Number of protein chains: 2
Amino acid sequence: MPHPLSAGPILSGLTKNQALVLDTIVMAHKPIGAYEILGKLKPRGIKSPVQIYRAVNSLIQCGIVHKVESINAFVRCTHGHPHHGQTTILAICDGCGAVVEHHDDTVDRRLEAWARQEAFEVETVAIELKMRCARCSGLASLATTKTQV
Amino acid sequence: MPHPLSAGPILSGLTKNQALVLDTIVMAHKPIGAYEILGKLKPRGIKSPVQIYRAVNSLIQCGIVHKVESINAFVRCTHGHPHHGQTTILAICDGCGAVVEHHDDTVDRRLEAWARQEAFEVETVAIELKMRCARCSGLASLATTKTQV
DNA sequence: ATTGGGTACGTTATGTTATTACGTTGGTCA
DNA sequence: TGACCAACGTAATAACATAACGTACCCAAT
């Protein structure tokens, strides 16, 4: 349970460390790794990776943050209302790190149907696409004029 | 490109290291990490992680092996015929490491439609489920009688 | 008010996964 | 033959993640 006194810069109900980490993830505007978060929070008193991992794990459990498995990084959930058991689909641009989040009930149903057929119990689902966003694929022929990940 | 002379224990057209690594992955019957592969191949002259990573990357490019992103491990592709641009869906049992591979055109179409709508170019797609297989979830109430991952 | 449980925290150390950098080998082909 | 290219070998290091310990604090039951 959250520390009752803390009220983070973004959301209340988070502990101090959770709020710091969430804030850093939000500010990044793209997936950010644990050690990069650590680097940014050292000036604010965070000293070790464990502290980051503890906080992101809480945030993930709350559903506020997603882990991008394919790049070992974390990103703010941009899905407005709470997920009702829906699978999060993430597309990440190789070029600029932009992330688009999506949900698709049809996909969820297809996966559930498959699970029933194979008689296994689904615990978690991760769907991740690597892509070039419109801007980055449009710029493909030009020199590298924009910031890369 | 493959080394022209080598013919591995499993498939021809692979280099010696690729064949060794593939063989180890196949023998494992479940996802196996790079360092575990390394451990098994040390007696056969492989000395460093790079050699493993080079080989698995080639095998992945050939489509012979999949990387399971969510657990940083590698598994033999069990899809019979060559994939026609299909997305691989993997379900991995937490209990015993069993893997089931699947493909679903409907899911592929939904993701493609989404990509079109958002105007990005898909490069790769990873769909991974963590699950308990029928055997492991049936055994849930019993003591740990079977080998765990 | 004391005590015991639970949660987050801090710190150190270590374990695990992956890549960079650089030089060598051996086959291909003009 | 010699330029090229792909795979290989080796050492070092980077990047990601957890274990194991003890402390601080709130809360609820005694």
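**Exercise 1. A serine in a loop**

Task: In this predicted model, find which residues A:Ser70 is in contact with, leaving aside its neighbours within four places in sequence.

Solution:
- Step 1. Start with the contacts: with neighbours within four places in sequence left aside, A:Ser70 is in contact with A:Glu128, A:Lys130 and B:Glu69.
- Step 2. Now place the residue in its chain. A:Ser70 sits in the loop between strand S1 (65–68) and strand S2 (73–76) of chain A.
- Step 3. Look for a polar partner. The side chains of A:Ser70 and A:Glu128 are joined by a polar contact of 2.6 Å.
- Step 4. Decide whether the residue is buried or exposed. Its relative accessible area is 15%, and buried means under 20%, so A:Ser70 counts as buried.

**Exercise 2. An isoleucine between two helices**

Task: Work out where A:Ile32 lies and which residues it is in contact with beyond its neighbours within four places in sequence.

Solution:
- Step 1. Locate the residue: A:Ile32 belongs to the loop between H1 and helix H2 (34–41) of chain A.
- Step 2. Check the accessibility. A:Ile32 has a relative accessible area of 1%, so this residue is buried.
- Step 3. List the contacts. Apart from neighbours within four places in sequence, A:Ile32 is in contact with A:Thr24, A:Ile25, A:Ile37, A:Lys40, A:Ala73 and A:Phe74.
- Step 4. Compare sequence with space. A:Ile32 and A:Val68 are 36 residues apart along the chain, and 9.3 Å separates their C-alpha atoms.

**Exercise 3. The plan of chain A**

Task: Describe how many helices and strands chain A has and in what pattern they follow along the sequence.

Solution:
- Step 1. Count the elements: chain A has five helices and five strands.
- Step 2. Read them in sequence, and the pattern is α-α-α-β-β-β-β-α-β-α.
- Step 3. Turn to the contacts in chain A with a separation of 6 or more. Residues 24 or more positions apart account for 48% of these.
- Step 4. Finish with the surface. Of the 149 residues in chain A, 40% count as buried. The accessible surface is about 8400 Å², with 53% of it belonging to carbon and sulfur atoms.

**Exercise 4. The largest nonpolar core**

Task: Find which residues touch the most other members of the largest nonpolar core and which elements give two or more residues to it.

Solution:
- Step 1. The core has 27 residues, and A:Ile127, A:Leu129, B:Ile127 and B:Leu129 touch the most other members.
- Step 2. Two or more residues come from each of these elements in chain A: strand S3 (89–93), helix H4 (105–118) and strand S5 (121–132). In chain B, strand S3 (89–93), helix H4 (105–118) and strand S5 (121–132) do so too.
- Step 3. Recall a general tendency: in soluble globular proteins, nonpolar side chains tend to be buried together.
- Step 4. Follow one core member. Not counting residues up to four places away in sequence, the residues that A:Leu129 touches include A:Ile89, A:Leu90, B:Leu111 and B:Trp114.
- Step 5. Now visit helix H4 of chain A, where A:Val107 has its place. With a relative accessible area of 0%, A:Val107 is buried. Beyond residues up to four places away in sequence, A:Val107 touches A:Ile127, B:Val107 and B:Arg110.

**Exercise 5. Beside DNA strand C**

Task: Identify which residues come nearest to DNA strand C and what kinds of residue make up the surface near it.

Solution:
- Step 1. There are 15 residues around DNA strand C, and A:Thr15, A:Gln51, A:Arg54, B:Tyr35 and B:Lys67 come nearest. Of the strand's atoms within 4 Å of the protein, sugar and phosphate account for 51%.
- Step 2. Sort the residues by kind: six are nonpolar, five polar and four charged.
- Step 3. Ask which element gives the most to this surface. That is H3(A), with three residues.
- Step 4. Examine single atoms. An N or O atom in the side chain of A:Thr15 is 2.7 Å from a phosphate oxygen of DNA strand C. For A:Arg54, a polar side-chain atom lies 2.4 Å from a base nitrogen of the strand.
- Step 5. End with B:Asn72, where a side-chain N or O atom is 3.2 Å from a phosphate oxygen of DNA strand C. This residue is in the loop between strand S1 (65–68) and strand S2 (73–76) of chain B. B:Asn72 has a positive phi of about 50°, although it is not a glycine. Its relative accessibility is 42%, so B:Asn72 counts as partly exposed.

Technical notes: Residues numbered from 1 in each chain as written. Chains lettered and ligands numbered in written order. Predicted model: local features only at pLDDT ≥ 70, side-chain atom pairs only at ≥ 80, totals over all residues. Heavy atoms only, no water. Core = buried A, V, L, I, M, F, W, Y, C linked by side-chain atoms within 4.5 Å. Buried < 20%, exposed > 50% of the residue type's maximum accessible area, 1.4 Å probe, protein only. Helix = DSSP H or I, 4+ residues; strand = E, 2+ residues; numbered from the N terminus. Contact = heavy atoms within 4.5 Å. Areas by Shrake-Rupley, 256 points an atom, 1.4 Å probe, with all protein chains shown as cover. Near = heavy atom within 4 Å. Polar contact = N/O pair within 3.5 Å; in protein donor to acceptor, adjacent residues only side chain to side chain. Nonpolar A, V, L, I, M, F, W, Y, C, P; charged D, E, K, R; others polar.
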